[in-house]
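Here is a short briefing to read alongside the sequence and the model. Please keep the 3D view open as you go through the points.

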Amino acid sequence: KSFLFVSIGLSSGINAEYGVLRYDPSGTRLCSGSLDTHVVVWDIVSQSGLVRLKGHKGPINDCLFLKSASVLVTASKDTYIKLWCLESQHCFETLTNGRDEVRGLVYRPLVQFLFG
């Protein structure tokens with residue numbers, strides 16, 4: 001378990017190893033991507049899980065909140081990048097990287113590109 005989760009009290013009910021932990025732009029939510037394919041968005045203030053996203057078939061390598069923070073992007077060893085609407089909790093776009101896993105994401109808002 002991540003030291004970060006233990007230190008902020010989010011460790012109860014968590015039995016996964018994490019591939020990635022990322023804060024949203026405001027610092028009030030945390031995205032955890034696990035090796036068991038699950039993505040959870042946590043509320044840091046209430047110390048509770050807000051959203052659990054399922055859809056990847058491989059470990060989560062990276063995640064990031066877009067600037068609006070209502071969209072989460074996830075990257076996985078399953079070769080897919082998924083864009084999630086956090087309000088509806090559904091994937092609205094799936095991109096593939098072919099045969100290679102997606103190891104990381106970079107978002108450049110000034111040029112409006114997402115690199116995986």
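**Salt bridges and surroundings**

Arg103 counts as exposed, because its relative accessibility is 66% and the cut-off for exposed is over 50%. Its salt-bridge partner is Glu101, with 4.0 Å from N to O, and Glu101 is partly exposed at 25% relative accessibility. Please bear in mind that this is a predicted model. The points below start with the overall make-up and then return to the charged pairs, a hairpin, the cores and one buried threonine.

**Overall make-up**

- The protein has 1 helix and 10 strands, and from the N terminus the order of elements is α-β-β-β-β-β-β-β-β-β-β.
- Of its 116 residues, 41% count as buried.
- About 6700 Å² of the protein is exposed, and carbon and sulfur atoms supply 52% of that area.
- For contacts between residues at least 6 apart in sequence, 33% join residues at least 24 apart.

**Charged pairs**

- How many salt bridges does the count come to? The count is 3 salt bridges, and the pair of Arg103 and Glu101 described above is one of them.
- Another salt bridge links the side chains of Arg22 and Asp62, at 2.9 Å from N to O. Arg22 belongs to strand β1 (residues 18–23) and Asp62 to strand β5 (residues 60–65), so this pair ties together parts that are 40 residues apart in sequence.
- The two partners differ in cover: Arg22 is partly exposed, with a relative accessible area of 32%, whereas Asp62 is buried at 4% relative accessibility.
- Arg29 and Asp24 also form a salt bridge, with their closest N and O atoms 3.1 Å apart. Arg29 counts as buried because its relative accessibility is 17%, and buried means under 20%; Asp24 is buried as well, with a relative accessible area of 5%.

**The β1–β2 hairpin**

- Strand β1 runs antiparallel to strand β2 (residues 29–34), and 5 bridges join the two.
- Tyr23 has Leu30 in β2 as its bridge partner.
- The hairpin formed by β1 and β2 has 5 residues between the strands, and Gly27 in the turn has a positive phi of about 80°.

**Nonpolar cores**

- Nonpolar side chains tend to be buried together in soluble globular proteins.
- Here, the largest nonpolar core has 12 residues, including Val20, Cys31, Val41, Phe65, Leu72 and Trp84. Strands β3 (39–43), β4 (48–53) and β5 each supply at least two residues of this core, and β5 gives the most, with 3 residues.
- Apart from this core lies another, of 9 residues, among them Leu64, Val71, Val73 and Leu105.
- Which residues does Val41 touch, leaving out those up to four places away in sequence? Its contacts are Arg29, Leu30, Cys31, Ser48, Gly49, Leu50, Val51, Phe65, Leu72 and Leu86. Among these, Cys31, Val51, Phe65, Leu72 and Leu86 are members of the largest core, as is Val41.

**A buried threonine**

- Is Thr74 buried or exposed? Thr74 counts as buried, because its relative accessibility is 0%. This residue sits in strand β6 (residues 71–76).
- The side chain of Thr74 makes a polar contact of 2.9 Å with the side chain of Trp84, and Trp84 is part of the largest nonpolar core.
- Not counting residues up to four places away in sequence, Thr74 touches Val39, His56, Asp62, Cys63, Tyr80, Ile81, Lys82, Trp84 and Leu105. Among these, Asp62 is the salt-bridge partner of Arg22.

Notes
Residues numbered from 1 in each chain as written. Predicted model: local features only at pLDDT ≥ 70, side-chain atom pairs only at ≥ 80, totals over all residues. Heavy atoms only, no water. Helix = DSSP H or I, 4+ residues; strand = E, 2+ residues; numbered from the N terminus. Buried < 20%, exposed > 50% of the residue type's maximum accessible area, 1.4 Å probe, protein only. Polar contact = N/O pair within 3.5 Å; in protein donor to acceptor, adjacent residues only side chain to side chain. Contact = heavy atoms within 4.5 Å. Pairing = 2+ DSSP bridges. Areas by Shrake-Rupley, 256 points an atom, 1.4 Å probe, with all protein chains shown as cover. Core = buried A, V, L, I, M, F, W, Y, C linked by side-chain atoms within 4.5 Å.
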